[in-house]
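Reader: Could you walk me through how this one packs, starting with the core and then moving on to the helix pairs?
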Amino acid sequence: RGGARAQSGGKMASTAAGKQRIPKVAKVKNKAPAEVQITAEQLLREAKERELELLPPPPQQKITDVEELNDYKLRKRKTFEDNIRKNRTVISNWIKYAQWEESLKEIQRARSIYERALDVDYRNVTLWLKYAEMEMKNRQVNHARNIWDRAITTLPRVNQFWYKYTYMEEMLGNVAGSRQVFERWMEWQPEEQAWHSYINFELRYKEVDRARSIYERYILFTLLVLVHPDVKNWIKYARFEEKHSYFAHARKVYERAVEFFGEEHMDEHLYVAFAKFEENQKEFERVRVIYKYALDRIPKQEAQNLFKNYTIFEKKFGDRRGIEDIIVSKRRFQYEEEVKANPHNYDAWFDYLRLVESDTDAETVREVYERAIANVPPIQEKRHWKRYIYLWINYALYEELEAKASKRTRQVYQACLELLPHKKFTFAKMWLLYAQFEIRQKNLPLARRALGTSIGKCPKNKLFKGYIELELQLREFDRCRKLYEKFLEFAPENCTSWIKFAELETILGDIDRARAIYELAIGQPRLDMPEVLWKSYIDFEIEQEEYEKTRNLYRRLLQRTQHVKVWISFAQFELSAGREERLPRCRQIYEEANKAMRSCEEKEERVMLLESWRNFEDEFGSDATKERIDKLMPEKIKKRRKLQAEDGSDAGWEEYYDYIFPEDTANQPNLKLLAMAKLWKKQQQESEAAAMDPDKDIDEGQT
C-alpha cells in the first residue's frame with residue numbers, strides 16, 4: 001500500500017508540474033476615476049523636492065599632522081579632477097578647483113588650473129575675471145596686467161575687461177598706463193559710455209584740453225563713421241564747454257550740431273538745449289531766432305516740448321507781441337497738419353489763410369494761396385466747387401485790397417475763369433466780381449468784354465441781371481434794352497425780367513412800349529410767377545389812371561383763373577377808383593364773385609370772399625345790405641371722417657370743420673335739422689335747471 005501511495009503521489013506531482021498555476025488577480029469593482037488625480041508633473045516635482053532634502057552634515061575631521069593633511073589634499077584633488085574629467089565644459093568645476101587651491105595659498109597650482117580652463121573655453125568672461133581678480137587679490141600686478149592684456153586682445157568687445165583694466169591702473173596710480181589702455185580701447189570705436197568714461201577720467205585729473213580732444217574725436221566718429229548719430233552726444237559736448245566757461249566753444253558746438261543734422265533729421269531737444277544756453281548768456285534775440293527757426297521746420301507732433309519752452313521763455317522775457325507769435329506759430333502748425341492730412345479740406349485752408357494774412361508778408365501769403373488753389377476738386381460737379389471757388393475770390397481780393405497789385409489781381413481772375421468748366425457749370429459771382437474789378441480800374445471795355453463772354457459761354461439769370469445793373473448805373477439805356485431782349489430770348493418764362501424791362505420803359509417815359517412789353521409777357525405760354533406779372537401790369541395801368549384798361553385786365557385775368565384773391569382785388573380796385581358809382585360797382589363785383597364761387601370746392605375761399613364783402617358792407621353799406629350779407633354767411637360745424645393709412649388699414653377718426661351756406665338749396669334740410677337740434681338742446685338745458693331748483697318752481701306757481 002505504501003508503494004501504491006508513493007506511485008499515486010508521483011503521478012499527482014507530475015500532473016501538477018505539467019500545469020502552471022495562474023495567480024489570482026484582484027478584481028477592481030469601482031473603475032471610476034479618483035477624486036484627486038496625480039499628474040506626471042506632480043510626481044517629478046515631488047521627486048525633485050526629495051532630492052533637496054537636507055542630509056545630515058558629514059562628521060567634522062580634525063587634521064593633526066602633515067600626513068593627514070597631504071592625504072586630505074590628495075583626496076580633494078582627486079575629487080576635483082574626477083569632476084573635471086567627467087565634464088570638462090562645466091567651468092564652475094574649474095573655478096571651484098582653482099579657488100580651493102587659492103585658499104590653500106597654492107597660487108601656482110591655481111594659476112595652472114585657470115590656464116587649463118582657458119584652454120577649454122577661452123571665451124568665458126567669468127573665467128578671465130576670476131583669474132585676474134585672483135592675481136590682483138594676491139598683489140601679483142604684472143601677472144594681472146598680463147591677464148588683462150590677453151583678455152582684451154582675445155575679447156576686445158567685452159567692455160568689462162576694459163573697465164576693470166583701466167580701474168586697476170588708476171588705483172595703482174599709473175595714470176599714463178590707464179590713459180594708454182583707454183587709447184587702445186577707443187581704437188575699437190566702443191559705445192557711448194566708454195567715451196564718456198575716458199572723458200570723466202581726464203576730468204578727474206583736470207585735463208580739460210585732453211577731454212576736449214576726446215570729445216572732438218568722438219564727434220568726428222559721429223560725423224564720419226556714424227557710429228552714434230545722436231543729439232544727446234552733441235548736447236553733452238556743448239554742456240561740457242559751457243561748464244568750463246568756454247561759451248564761444250559751446251556755441252560753436254551747437255551750431256555744428258545744427259548744421260550736421262540739417263533739416264531732414266531735426267530734433268527738438270537740440271534746439272531746446274541751444275535756446276536755453278543762449279538764454280543763460282542773456283542773448284534773448286538769439287533765443288527767439290532759434291525757436292522760430294525750429295518751429296518753422298519741425299512737425300507739430302514732434303515739437304510739443306519746443307512749444308512749451310518757447311512759451312515759458314516769452315512769458316519770462318518777452319512782450320505781448322512775442323506771446324502772440326507763439327500762438328500764431330502753434331496754430332500754423334495745426335493748419336499745416338490738417339491740410340496735409342486732407343488737401344481738399346477747404347475750411348482748413350480758409351482758416352490757415354486768414355491766419356497768415358494777419359501776420360505774414362505778402363510772398364508767404366501768396367505761396368499759401370497758390371498751394372490752396374492747386375487742390376482742384378476731382379469731380380466736375382458744382383456742389384464740390386462751391387467752397388473751392390471762394391479760395392480764388394479771397395485770393396483776388398487780397399491782391400487788390402491788401403497787396404495793391406492790380407496786375408496780379410487780373411491774372412488771378414483770368415486764371416480762375418480759364419479753370420472753370422463752363423460747358424458743365426459756371427459761377428456768375430466770379431464773372432461779376434471780375435467785371436466790377438475792371439470798372440474800379442476804369443477799364444470799362446474789359447468789363448463789358450468779360451460779361452459779354454460770360455453770356456456767350458454760359459448764360460445765366462444772374463449774369464444778365466448783373467450786366468443790366470451795370471449798364472443802368474452807367475445810364476446806357478440802349479444797351480439795357482438790348483440786354484433785356486437777349487435775356488428774354490434766353491428765359492421767356494422769367495416774369496421778373498419782363499417786369500423789370502417794363503419798369504425801365506416806364507421810367508424812361510415810353511408808356512406804349514412798356515404796355516407792349518406787358519402784353520407780350522402775359523401772352524407767353526409758360527411763366528414762373530404769372531400772378532406777380534398780372535399784378536404788376538394792373539398796378540402799371542392804375543398808376544397811369546387807365547381804369548377801363550384795368551377793368552379789362554381784371555376781366556381777362558378772371559377768364560383764366562377764378563381765384564378769390566383776384567375777385568377781392570378787383571372789388572378793392574373799384575372801391576378805390578374814386579367815382580360816384582364806385583360802391584355799386586364794388587357790390588356788383590362781390591355779387592358776381594359770390595355766384596362764381598358757389599361751384600368752388602374750396603369753401604374756405606368762399607368764406608374769405610364773404611368776410612371781405614361783410615367788411616365792405618360794415619363800412620359803406622346800409623342796414624339792409626348788412627342784414628343780407630349776414631344771411632349769406634355760412635354755419636360752421638364740426639364733423640368727423642375716417643382716416644386710412646398708406647397700406648389701407650384703418651387709422652382712426654379725424655375731426656374737421658365744414659361750412660354750410662344758406663344759399664345752397666341742397667343744404668336746406670341740413671340747416672333745418674341743425675336748428676331743431678339746437679332747440680332741443682336748449683330745452684334739455686332748461687329742464688335740467690328746473691330739476692336742480694324746485695323752490696324756484698313753487699315760488700313761480702304761487703305768484
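Reader: So which residues have the most contacts inside the largest nonpolar core?

Author: In this predicted model, the largest nonpolar core has 96 residues, and those with the most contacts inside it are Trp349, Ile389, Leu391, Trp392, Met430, Leu533 and Leu609.

Reader: What does Trp349 touch, leaving aside residues up to four places away in sequence?

Author: With those set aside, Trp349 touches Val339, Pro343, Val368, Arg371, Ala372, Asn375 and Leu391. There is also a second, separate core of 78 residues, which includes Ala144, Val208, Ala238 and Ile298.

Reader: Switching to helices, how do 28 and 29 cross?

Author: The axes of helix 28 (residues 511–522) and helix 29 (residues 530–543) come within 10 Å and cross at roughly 155°. Angles over 145 degrees count as roughly antiparallel, and helix 28 and helix 29 are therefore roughly antiparallel to each other. Their crossing is left-handed.

Reader: And which residues meet there?

Author: From helix 28, Ile511, Ala514, Arg515, Tyr518, Glu519, Ala521 and Ile522 meet Leu533, Trp534, Ser536, Tyr537, Phe540 and Glu541 of helix 29. By class, that contact has nine nonpolar, one polar and three charged residues.

Reader: What about helix 23 and helix 25, at what angle do their axes cross?

Author: The axes of helix 23 (residues 428–440) and helix 25 (residues 461–473) cross at roughly 20° and come within 9 Å, which makes helix 23 roughly parallel to helix 25. This crossing is right-handed. Ala428, Lys429, Trp431, Leu432 and Ile439 of helix 23 make the contact with Lys462, Leu463, Gly466, Tyr467 and Leu470 of helix 25.

Conventions:
Residues numbered from 1 in each chain as written. Predicted model: local features only at pLDDT ≥ 70, side-chain atom pairs only at ≥ 80, totals over all residues. Heavy atoms only, no water. Axes fitted to C-alpha atoms, helices over the stretch in contact; angles between N-to-C directions. Helix = DSSP H or I, 4+ residues; strand = E, 2+ residues; numbered from the N terminus. Parallel < 35°, antiparallel > 145°, perpendicular 65-115°, else oblique. Left-handed = near helix turned anticlockwise from the far one by under 90°. Contact = heavy atoms within 4.5 Å. Nonpolar A, V, L, I, M, F, W, Y, C, P; charged D, E, K, R; others polar. Core = buried A, V, L, I, M, F, W, Y, C linked by side-chain atoms within 4.5 Å. Buried < 20%, exposed > 50% of the residue type's maximum accessible area, 1.4 Å probe, protein only.
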